[in-house]
Amino acid sequence: MTNSIEDVATQAKAYFVIGSNTTEQHPVFGMQLRQAVKQRNIPLIVADPRRIDLVKSPHVHATHHLPLKPGTNVALITALAHVVVTEGLVDEAFVAERCDTKSFNDWRAFVAQPEHSPEATEAITGVPAFDVRGAARLYANADNAAIYYGLGVTEHSQGSTMVIGIANLAMATGNVGREGVGVNPLRGQNNVQG
């Protein structure tokens, strides 16, 4: 994880959970996440094919539920990045300071292609373009936005590509390198990342 679990309760201003049934797989962290959403009115994006507890329950209601078809994670994250790039939501100062210019510009040109738009990927992912655009804007415009992901991301054949996509989205929006942001995998054992 790029950030500590404590960030969830104190610093984050928006959450993006993908590929994790957090309240069942990580009940302590799931409780902290629910409390932060409820008590601090933090917006929550949930990308999961299922209607998990974080989508809607007596304690929490996701701002955006992106019920993607299984195996379409990369198409979804690319569509989110497309919105960030084409709508001018890139944190240009952060990118200039922290990213390799050529690599970033190559990625920017790739995700900006029309075939990566939410409208073009809607048939692939099953997620309405309107919802993808709303989620991308929410994530990119939050002061501090944190991504939490689980095995629903990494246990696919495109798992490595998806993690790179998540990292690229976080970098493009300046959501790395301070409290309350980051790319945060949720794991069952301490050394599973190794």
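The following dialogue explains how to read aromatic pairs, strand pairing, burial and salt bridges in one predicted model.

Student: What conventions apply to this model?

Tutor: The model is predicted, so local features need pLDDT of at least 70 and side-chain atom pairs count only at pLDDT 80 or more, while totals for chains, interfaces and linings use all residues. Residues are numbered from 1 along each chain as its sequence is written, and side-chain values use heavy atoms, with hydrogens and water left out.

Student: How many aromatic pairs are there, and by which rule?

Tutor: Rings of Phe, Tyr and Trp (its six-membered ring) pair if their centres lie within 6.5 Å; planes under 30 degrees apart count as stacked, over 60 as edge-to-face and the rest as tilted. By this rule there are four aromatic pairs. One of them is edge-to-face: Phe16 and Tyr139, at 6.3 Å centre to centre and with 65 degrees between the planes.

Student: Where in the chain do Phe16 and Tyr139 lie?

Tutor: Helices (H or I, at least four residues) and strands (E, at least two) are DSSP runs, numbered from the N terminus. Phe16 belongs to strand 1 (residues 14-18) and Tyr139 to helix 8 (residues 129-141); the pair links distant parts of the chain, 123 residues apart.

Student: Are these two residues buried or exposed?

Tutor: Buried means under 20% relative accessible area, exposed over 50%, and partly exposed in between (1.4 Å probe, protein chains only). Phe16 counts as buried because its relative accessibility is 2%, and Tyr139 counts as buried at 3%.

Student: Why is the pair of Phe104 and Trp107 tilted?

Tutor: The ring centres of Phe104 and Trp107 are 5.3 Å apart and the planes stand at 45 degrees, so the pair is tilted. Phe104 and Trp107 are three residues apart in helix 6 (residues 101-111), and therefore separated by about one helical turn. Both Phe104 and Trp107 are buried.

Student: Which residues form an aromatic cluster?

Tutor: Tyr15, Phe29 and Tyr148 form one aromatic cluster.

Student: How should the surroundings of strand 1 be read, and with which strands does strand 1 pair?

Tutor: Burial can be read residue by residue along a strand. Strand 1 is largely enclosed by the rest of the structure, because five of its five residues are buried. Both faces are covered: Ala14, Phe16 and Ile18 are buried on one side of strand 1, and Tyr15 and Val17 on the other. As to pairing, two strands pair if DSSP finds at least two bridges between them. Strand 1 pairs with strand 4 (residues 145-149) in the parallel sense over five bridges, and four bridges join strand 1 to strand 2 (residues 44-47), again in parallel. Ile18 has Tyr149 as its bridge partner in strand 4 and Ala47 as its bridge partner in strand 2.

Student: Which residues are in contact with His64, leaving aside its neighbours within four places in sequence?

Tutor: Contact means heavy atoms within 4.5 Å. His64 lies in strand 3 (residues 64-66) and counts as buried at 16% relative accessibility. With neighbours within four places in sequence left aside, His64 is in contact with Leu44, Ile45, Val46, Asp131, Gly134, Ala135 and Leu138.

Student: How many salt bridges does the structure hold?

Tutor: Side chains of opposite charge can pair when their charged atoms come close. A salt bridge is a side-chain nitrogen of Lys or Arg within 4 Å of a carboxyl oxygen of Asp or Glu. The structure holds six salt bridges. Among them is Glu87 with Arg137, whose closest N and O atoms are 2.7 Å apart. This pair links distant parts of the chain, 50 residues apart: Glu87 is in the loop between helix 4 (73-86) and helix 5 (92-98), and Arg137 is in helix 8. Glu87 is partly exposed at 30% relative accessibility, and Arg137 is partly exposed at 34%.

Student: Which residue forms a salt bridge with Arg108, and which with Glu119?

Tutor: Arg108 forms a salt bridge with Glu92, the closest N and O atoms lying 3.0 Å apart. Arg108 in helix 6 and Glu92 in helix 5 are 16 residues apart. Glu119 forms a salt bridge with Arg133, at 2.9 Å between the closest N and O atoms. Glu119 is in helix 7 (residues 118-125) and Arg133 in helix 8, 14 residues apart. Glu119 is partly exposed, with a relative accessible area of 43%, whereas Arg133 counts as buried at 17%. Salt bridges that share partners join Glu87, Glu119, Arg133 and Arg137 into one network.
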